[in-house]
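Visitor: Hi there! I'm new to this one, so could you walk me through it once it's up on screen?
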Amino acid sequence: MTDPLTEDELFAKVAAKVAEQKNIEVTEIALDSKFEDLGVDSLDAMEILFELEEDLDLDIPDTAARSMRTVHDVVDGLGKLSRNEPIELPEDPPSAAAEG
């Protein structure tokens, strides 16, 4: 097994995927960029995450993928997965599905 990628290497991969998906310059993307500010909707995000999973041979749990809202969330999650660490999810607000 190869060594886990550094945060800088993961950021470069994530930024490249976002830039390609949204046809923007990589320089427009920062670690703290929110997907919505970059024009990334939920479908775009899922496509980006799927490609990253394929490229890095990782499996992002669906619940974690749905909670990723920033470039940093993705970089952090991929880093943890590559080190075989769990991704800690923020607590979700109660939903109608949970009530019924």
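Visitor: How much of the protein chain is buried?

Guide: Buried residues make up 34% of the 100 residues in this predicted model. Buried here means under 20% relative accessible area, exposed means over 50%, and partly exposed is in between, with a 1.4 Å probe and protein chains only.

Visitor: And what does the chain expose?

Guide: About 6,700 Å², with carbon and sulfur atoms supplying 47% of that. Those areas come from the Shrake-Rupley method with a 1.4 Å probe, and for residues only the protein chains shown count as cover.

Visitor: Any ground rules for reading it?

Guide: Residues are numbered from 1 along each chain as its sequence is written, and side-chain values use heavy atoms, leaving out hydrogens and water. Because this is a predicted model, local features need pLDDT of at least 70 and side-chain atom pairs count only at pLDDT 80 or more, while totals for chains, interfaces and linings use all residues.

Visitor: What is the average pLDDT?

Guide: The protein chain averages 89, and 87% of the residues score at least 70. pLDDT is the predictor's confidence in each residue, from 0 to 100. Helix α1 (residues 7–22) has the highest mean among the elements, 97, and helix α5 (residues 96–99) the lowest, 49. Where pLDDT is low, the predicted coordinates should not be read in detail.

Visitor: Good to know. How many helices and strands are there?

Guide: Five helices and zero strands. Both are DSSP runs numbered from the N terminus: helices are H or I with at least four residues, strands are E with at least two.

Visitor: Tell me about α1. Which of its residues are buried?

Guide: Leu10, Val14, Ala15, Lys17, Val18 and Ala19. The buried residues of α1 pack against α2 (42–56) and α4 (71–82). Just after α1 comes Asn23, with a positive phi near 55 degrees.

Visitor: Wait, Lys17 is on that list. What does the side chain of Lys17 meet?

Guide: The side chain of Glu51, in a salt bridge at 3.3 Å, N to O. Glu51 lies in helix α2 and Lys17 in helix α1, so the pair ties together parts that are 34 residues apart in sequence. Lys17 has 15% relative accessibility and counts as buried, whereas Glu51 is partly exposed at 29%. A salt bridge here is a side-chain nitrogen of Lys or Arg within 4 Å of a carboxyl oxygen of Asp or Glu.

Visitor: How many salt bridges does that rule give?

Guide: The count comes to five. Lys17, Glu51 and Asp55 are linked in a network of them. Another joins Lys80 and Asp76, whose closest N and O atoms are 3.4 Å apart. Lys80 and Asp76 both lie in helix α4, four residues apart, about one turn of the helix.

Visitor: New topic: where is Ser33?

Guide: Ser33 sits in the loop between α1 and α2. Ser33 is buried, with a relative accessible area of 11%.

Visitor: What is Ser33 in contact with?

Guide: Leaving aside neighbours within four places in sequence, Ser33 is in contact with Glu28, Leu38, Thr70 and Val71. Contact means heavy atoms within 4.5 Å. A polar atom of the Ser33 side chain also lies 2.8 Å from the backbone nitrogen of Ala30.

Visitor: And Ser67, buried or exposed?

Guide: Ser67 is buried, at 18% relative accessible area. Ser67 lies in helix α3 (residues 62–67), and a polar atom of the Ser67 side chain lies 2.8 Å from the backbone oxygen of Ala64.

Key: Polar contact = N/O pair within 3.5 Å; in protein donor to acceptor, adjacent residues only side chain to side chain.
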